[in-house]
Amino acid sequence: MPAWPATLPQDQFLGLIDVDQDAVLRTPMDTGPPTRRNRFNAITRTVDVPLTVDGAQRQTFDTFFRTTLKNGALAFDWEDPVTDVIVSFAFRGPPSWVLLSGGAVSDRRWGSTLNLEIQP
């Protein structure tokens with residue numbers, strides 16, 4: 001499985017949003033409180049990772065996303081931001097980028113939030 005490129009930032013987790021999938025099925029009753037049970041044993045976590053890169057790193061990311069991951073169709077290995085254990089991530093959609101500072105290609109700064117999921 002492909003791994004997150006070593007030349008890209010490894011732990012820009014400040015501002016990261018980590019949400020567990022809702023695994024509880026709630027069933028209303030005719031009277032009294034609803035019953036609850038687990039829908040499944042393993043859950044998917046959605047993770048939104050803020051990322052800031054320079055121009056060269058942006059080109060590395062684009063190659064990784066478009067070619068290595070086939071436009072985000074494939075999963076990749078990266079460190080879990082909570083445990084630092086290597087887990088499988090997948091993109092929930094393509095990233096959008098904002099230009100933070102201009103200049104020559106290598107001097108430009110780009111920002112994005114990667115919409116990812118950690119697969120069980």
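Helices (H or I, at least four residues) and strands (E, at least two) are DSSP runs, numbered from the N terminus. In this predicted model, Ala3 is found in the segment before strand 1, and Trp4, its neighbour in that segment, pairs with a ring of helix 1. The briefing below follows that contact into the nonpolar core and the aromatic cluster, and then turns to helix 1, to a buried aspartate and to the loops.

**The segment before strand 1**

- Ala3 is partly exposed, because its relative accessible area of 47% falls between the limits of 20% and 50%.
- Once neighbours within four places in sequence are left aside, Ala3 is in contact with Phe64 and Asp77, and its C-alpha atom is separated by 6.2 Å from that of Trp78, although the two residues are 75 apart along the chain.
- Trp4 counts as buried, since its relative accessibility is 6%, which is under the 20% limit.

**The largest nonpolar core**

- The largest nonpolar core has 21 residues, of which Trp4, Phe61, Phe76, Trp78, Phe91, Leu114 and Leu116 touch the most other members.
- Two or more residues of this core come from each of strand 4 (45-54), helix 1 (55-68), strand 5 (76-79), strand 6 (86-91) and strand 8 (109-118).
- Phe76 is in contact with Met1, Pro2 and Trp4, with Phe64 and Leu69, with Val87, Ser88, Phe89, Ala90 and Phe91, and with Leu116, when its neighbours within four places in sequence are not considered.

**Aromatic pairs**

- The structure holds 13 aromatic pairs, and in the pair of Trp4 and Phe64 the ring centres are 5.8 Å apart with the planes at 85°, so the arrangement is edge-to-face.
- This pair of Trp4 and Phe64 links distant parts of the chain, as Trp4 belongs to the segment before strand 1 (17-20) and Phe64 to helix 1, 60 residues apart.
- Phe64 is buried as well, with a relative accessible area of 4%.
- Phe61 and Phe65 form a stacked aromatic pair, with 6.0 Å from centre to centre and 10° between the planes.
- Phe61 and Phe65 are 4 residues apart in helix 1 and therefore separated by about one helical turn.
- An α-helix has 3.6 residues a turn, so residues three or four places apart point the same way.
- Both members of the stacked pair count as buried, Phe61 at 0% relative accessibility and Phe65 at 8%.
- Ring pairs link Trp4, Phe61, Phe64, Phe65, Phe76, Trp78, Phe89, Phe91 and Trp97 into a cluster.

**Helix 1**

- Helix 1 has 14 residues, and the distance from its first C-alpha to its last is 19 Å, close to the 20 Å expected at 1.5 Å a residue.
- At the start of helix 1, a side-chain oxygen of Asp54 comes to within 3.2 Å of the backbone nitrogen of Ala56, while the helix is followed by Lys70, whose phi is positive, near 50°.
- The buried residues of helix 1 are Gly55, Gln57, Arg58, Phe61, Asp62, Phe64 and Phe65, and they pack against strand 4, strand 5, strand 6, strand 7 (97-101) and strand 8.
- The charged end of Arg58, one of these buried residues, sits over the ring of Trp110 at 4.6 Å from its centre.

**A buried aspartate**

- Asp80 has its place in the loop between strand 5 and strand 6, where its relative accessible area of 4% makes it buried.
- The side chain of Asp80 is joined to that of Arg45 by a polar contact of 2.7 Å.
- Apart from residues up to four places away in sequence, Asp80 touches Arg45, Val85, Val87, Phe89 and Ile118.

**Loop residues with positive phi**

- Most residues other than glycine have a negative phi.
- Asn71, although not a glycine, has a positive phi of about 60°; Asn71 lies in the loop between helix 1 and strand 5 and counts as exposed at 55% relative accessibility.
- Asp84 likewise is not a glycine and has a positive phi, of about 65°, and is found in the loop between strand 5 and strand 6.

Terms used
Residues numbered from 1 in each chain as written. Predicted model: local features only at pLDDT ≥ 70, side-chain atom pairs only at ≥ 80, totals over all residues. Heavy atoms only, no water. Core = buried A, V, L, I, M, F, W, Y, C linked by side-chain atoms within 4.5 Å. Buried < 20%, exposed > 50% of the residue type's maximum accessible area, 1.4 Å probe, protein only. Contact = heavy atoms within 4.5 Å. Phe/Tyr/Trp six-rings, centres within 6.5 Å; stacked < 30°, edge-to-face > 60°. Lys NZ or Arg CZ within 6 Å of the ring centre and 35° of its normal. Polar contact = N/O pair within 3.5 Å; in protein donor to acceptor, adjacent residues only side chain to side chain. Expected span 1.5 Å × (residues − 1).
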